[in-house]
Amino acid sequence: MRVYIPVTIADVERRRTDGFWTISERRAWAVNQLLAKALPDEDDEGREYVASLTAASASPAQLAIAADLPTSMLGDEGVGGDVQVSGPIADNLVACLLRLDPADDESLLWFAPSELDALLNL
């Protein structure tokens with residue numbers, strides 16, 4: 001399941017050191033049935049955008065990763081598409097990195113996982 005996970009600068013530094021993402025238990029957002037119920041007028045693409053924007057907005061660093069995680073890594077689901085996530089996430093599960101656009105807090109900048117340094121240098 002595609003999950004949008006808010007990350008911190010400390011998470012990024014651990015990724016640089018460890019070579020994988022170490023995610024402490026936290027709330028993330030997924031395009032699941034609960035989000036579909038919460039946003040009935042949106043299509044899947046619109047729901048993905050809402051989930052990714054919400055995740056980046058929830059990060060103090062305004063950063064998020066989009067990862068394709070097995071359901072075994074997901075905990076309880078909330079009413080708005082939020083899920084609990086924790087554990088190590090290998091780079092091959094990360095689809096992209098996201099950052100709120102500093103010029104427009106309702107827009108996201110997209111980065112490939114290999115562009116981690118570019119993401120931080122904005």
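Visitor: In which helix are R47 and D44 separated by about one helical turn?
Guide: In this predicted model, R47 and D44 lie 3 residues apart. That spacing places them about one helical turn from each other, within residues 44-58. The element in question is helix α3.

Visitor: What is the N to O distance in the salt bridge of R47 and D44?
Guide: Side chains of opposite charge can pair when their charged atoms come close. The side chains of R47 and D44 meet in such a salt bridge. The N to O distance is 3.1 Å.

Visitor: Is R47 buried or exposed?
Guide: The cut-off for a buried residue is under 20% relative accessible area. R47 has a relative accessibility of 11%, whereas its partner D44, at 47%, counts as partly exposed. R47 is therefore classed as buried.

Visitor: Which residues are joined into one network by salt bridges that share partners?
Guide: R14 forms a salt bridge with D11, and the side chain of R26 also meets D11 in a salt bridge. Salt bridges with shared partners thus join three residues into one network. Its members are D11, R14 and R26.

Visitor: How far apart are the closest N and O atoms of R14 and D11?
Guide: R14 and D11 are 3 residues apart in helix α1, which covers residues 9-18, so about one helical turn separates them. They form a salt bridge. Its closest N and O atoms are apart by 2.5 Å.

Visitor: What is the relative accessible area of D11?
Guide: R14 counts as partly exposed, at 32% relative accessibility. D11, by contrast, is buried. The relative accessible area of D11 is 1%.

Visitor: Which strand holds R26, the residue that pairs with D11?
Guide: The side chains of R26 and D11 meet at 2.6 Å, N to O. This pair links distant parts of the chain, 15 residues apart, with D11 in helix α1. R26 counts as buried, at 15% relative accessibility. The strand that holds R26, residues 21-30, is β2.

Visitor: With which residues is R15 in contact, leaving aside its neighbours within four places in sequence?
Guide: R15 lies in helix α1. At 18% relative accessibility, R15 falls under the 20% cut-off and therefore counts as buried. Beyond those sequence neighbours, the contacts of R15 are F20, W21, D91 and L116.

Visitor: How many salt bridges does a search of the whole structure find?
Guide: The pairs described above include R14 with D11 and R47 with D44. A search of the whole structure gives a total of 8.

Definitions and conventions. Residues are numbered from 1 along each chain as its sequence is written. This is a predicted model: local features need pLDDT of at least 70, side-chain atom pairs count only at pLDDT 80 or more; totals for chains, interfaces and linings use all residues. Side-chain values use heavy atoms; hydrogens and water are left out. A salt bridge is a side-chain nitrogen of Lys or Arg within 4 Å of a carboxyl oxygen of Asp or Glu. Helices (H or I, at least four residues) and strands (E, at least two) are DSSP runs, numbered from the N terminus. Buried means under 20% relative accessible area, exposed over 50%, partly exposed in between (1.4 Å probe, protein chains only). Contact means heavy atoms within 4.5 Å.
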